[in-house]
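Work through the following exercises with the structure open beside you, and try each task before reading its solution.

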Amino acid sequence: MPRLLLSGLSKSYGPLKVVDDVNLTLEEGEFVSLLGPSGCGKTTTLRMIAGFIEPTAGTISINGQVLSAPGAVLPPERRRMSMIFQSYAIWPNMTVAENVAFGLKLQKLPTAEVRTRTNRILDVVHLGHLADRYPAELSGGQQQRVALARAIVVQPTVLLLDEPLSNLDANLREEMRFEIRRLHDEFRFTTVYVTHDQAEAMATADRIAVMNAGRIEQVDAPHVIYTRPRTRFVAAFIGRTNLIEGKLSEDEVGLDGFALKLGQIGGAPADMTQPILLSMRPQAMALHRGQPAQRDGYPLLPATISQRTYLGESWDYVVRPAESGLSLRVSAPPLQVHEVGEAVWLEIDPRQIAVVN
Amino acid sequence: MSMTETATLPAPAIATRRPGFFARMRYLEPSTLLWILLVAVLLFLVAVPIGKLLIVSFEKQGTGGFTLSNYFTAYGRARYLEALGNSLILGTGAAALASVFAVPMAWAVSRTDMPGKGLSWAMVIGAFIMPPYLGAIGWILLAGPNSGFLNLAWRWVTGSSEPLVNVYSFAGLILVIALHSFPLIFIFVKSALDLISSEMEDAANILGAGTWKATLKVTLPLVWPSILGGIVVVFLETIALFGTPAIIGIPARINVVTTQLWQFFEYPVRVEVAAAYAMPLLLITMLIIGGQKRLLARKGYVSQTGKGGERREIRLGVWRWPIFAYCVLVSLLAVIMPVAVLLQASFARAWGNGLSWSNLTLDNYTYLLFRHEMALTSIWNTLWYSATAASAAVVIAVLVAYIVARKLVPFGSALGFLAMAPFVIPGIVMAIGFYAAYAPPPLALYGTALIIIFAFTARFLPIAFANASAAVRAVHPEMEEASRILGGGRLFTVRRITAPLILRSIIGGWLIVFIVASRELSSAVFLVGPRTRTMAVLLYDLSEAGNFEVLSAFGGLLLAITLVLVAIGMKLAGRDFMLRRN
């Protein structure tokens, strides 16, 4: 039985559909990230799971028991979940230890147990020495750790995180990503993590649910989302890509100036009669100075460099194949330097190309 | 205990099908009931008195039939119309003079290296907390035409037989009002100036403007909305002011709207005419505040954005001293001189005889405290009316602010509107409304403590609401949600999380209401009965009697009580708790 089940979940404000027929299943101990641009409905979905917002249609259930349905919402305090907020929401009038112990005291646990569990979790998040400090005396990263400790010490049925890292600076954000994943590996709480930052979602989640305009477009493991995006939105939102239209003919996709074998590329077209869209990541192509040996199914095209940008970790070239109107972005390692206007050979790896619907 | 074991779910989860009425009632928050209760309270405190005021102005005295004759009476005599004109001139003059006092001081304290800034700041606070009618009494002692100290000194120095200044004149009235109202403009302008980055002036300097030019062309225009806002507030306060015009204007035979309203309340009470006569005051206030809100809503002003940037003091060089002298002069006129003569008179056998051992006595104070029939009662009345009104206003304000901020009910903002409505109703108008609504049967509250407490609660509700609203909005909703998701119910969360977080500002708000209520004269004077006199009203009674030594001693008592309260407030709620503007 799935731990957490969202089925047909929708939320409208008047005519505005903020969340539109969301279906999502989380297994016991799974970490799923809701990823999407601002306004896509991911936070509304999370707050419906928490019980702060009543759905207009659909249900939310845990272990088969319905928690939310239109007109019948179990209030948040009776769900035994916990949540980490964008503002951290650390209570400034309580010490670190009091903040963390709050949920345990609400469960009416014996004082001694509250103390041991509080101390243990503070050690886990490396805050043991700051237990008696007030939040105003902590740095942003430390406050974030207090929020983490407060949320996991109660052993929630589901742990919810709402853009928890968006108020931190870049270095700290990267550190906390690994910290969140480490804590998940240690405690294995069923977790829903809302973010608009794809790197955050990739680093932390078992699966990513990409949301757009209130709907979930694709739910898959991070590497599948990247290499096999199923919709145009997912392909464009996650990483950089070249979206190219192609024509189907029997077992081939004909593109402007070259063709690819259908069996070699990822995904299958939904409709054989229509033109299809392909996502070619910049890493799916390689540049060569001289003509390399032809590999079976790897199109090889003479081309010219038309623009270049140095990004530190790689070169970003814009390449124009001869006898084609295409303009493709190609990624190359930092030491592979080509001048603008230089003639090169462009080699395309069909396995890294996906059909997008 | 192992951290990896999973928590068990709570047993009662709910069914998918839409539950029945009783099941839904279990999850219904009590806020709806509270909303209905608050609407009733606010209607009683705000809407009914003002509605009644309107109705009464069209009623025949005695029969209650419809008539327009009240309006003909109210505007049918030159004397009454002249009072209207006088009020407008007085308001304009006082506002203009107050800005002359306030703006240079605010600029010097906020942006320059003038010496004695702390002292100037303290003097402004002093002028702010001093009840206005005490300043008026102080100035009678200073500038009375015959025995005022300034005139005595003038005659002694020059040998002239004419007085130098006469407080019993239109100019005197304007001066005294400006001297106690300039702190309002000061506070507005200073807080706006505090937000302007020095980079604004640097940008003017680099283009070739000197310090003075930059100040006049850049800095002051940036805070112009605040100056104007301060002027508007002083104007509105002045046209609604009762104490100073009554104490100085009536002997000087200068009639203004508020003193004319007072005369309509002398026997036989003509509340219908008074209601009709109060309409211009109400309309002017509503129009000006409404217009100002519109104006400010349309444009964004630099003075209202809190963006930082470095702030440096402007170096004034030798100009520090003339500017400091100006601040000292304003302080002398507004606080030091009036308070000094007031205290001197309060300890004197005969105030005109000046400071000497033979003239010194405690008799004025002992008379008030032990022999006067009303003085102690009025002190007690003032304290408990003000405390009750402050508590009621704060409770209503916090509940409304919470409901509005958390959007707990649909149309919650209607509550906020009602709570803020008294802001555009002059106190004296509100008092007449309360008199018209609740003095006659069925409630027959005239002469009771209740009618005063209700009127104070309504009158100062906007202060309490603005305060509570800011306090509640400062608590991020996620602070409460964090408690709820961990298992705290709504009421538990309000008690354990929200209440402690807003407590300090709420105490500050309570004290502000308590302090302003304890010195309130203009609405109290219409509602007190023989046994429900407050200190402010008794002080006004004493001023009519003309015994200045006893009057000054009572003023001294009032000042002492105010100072104690302000000191408590500063201790509990921070030094500037009375100056926070929301």
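**Exercise 1. Determine how far apart the C-alpha centres of domain 1 and domain 2 of chain B lie, and describe the side of domain 1 that faces the contact.**

The C-alpha centres of domain 1 of chain B and domain 2 of chain B lie 24 Å apart. The model is predicted, so that local features need pLDDT of at least 70 and side-chain atom pairs count only at pLDDT 80 or more, while totals for chains, interfaces and linings use all residues. Residues are numbered from 1 along each chain as its sequence is written, and chains are lettered from A and ligands numbered from 1 in the order in which they are written.

Step 1: the bounds, which come from an automatic or database domain assignment, are 77-306 + 318-361 for domain 1 of chain B and 364-582 for domain 2 of chain B.

Step 2: the contact takes 35 residues from domain 1 of chain B and 33 residues from domain 2 of chain B, two residues being in contact if their C-beta atoms, placed from the backbone, lie within 7 Å.

Step 3: on the side of domain 1 of chain B that touches domain 2 of chain B, α14(B) gives the most, with nine residues. Helices are DSSP runs (H or I, at least four residues), as strands are (E, at least two), numbered from the N terminus.

Step 4: by class, this side of domain 1 of chain B has 29 nonpolar, six polar and no charged residues. Here Ala, Val, Leu, Ile, Met, Phe, Trp, Tyr, Cys and Pro count as nonpolar, Asp, Glu, Lys and Arg as charged, and the others, Gly among them, as polar.

**Exercise 2. Work out how α20 and α22 of chain B pack.**

Step 1: α20 (residues 449-473) and α22 (residues 490-518) of chain B pack at an angle of about 160°, with their axes 9 Å apart. Axes are lines fitted to C-alpha atoms, for helices over the stretch in contact, and angles run from 0 to 180 degrees between N-to-C directions.

Step 2: α20(B) and α22(B) are therefore roughly antiparallel to each other, a term for angles over 145 degrees.

Step 3: the contact includes B:Phe456 and B:Phe460 of α20(B), and B:Gly508 and B:Gly509 of α22(B); by class it has 14 nonpolar, four polar and no charged residues.

**Exercise 3. Identify the edge strands of the five-stranded sheet of chain A.**

Step 1: the strands form an open sheet in the order β14-β13-β12-β15-β21, with antiparallel pairing; two strands pair if DSSP finds at least two bridges between them.

Step 2: β14 (258-261) and β21 (353-356) of chain A each have a single partner strand, so one side of each is left without a neighbour in the sheet.

Key: Parallel < 35°, antiparallel > 145°, perpendicular 65-115°, else oblique.
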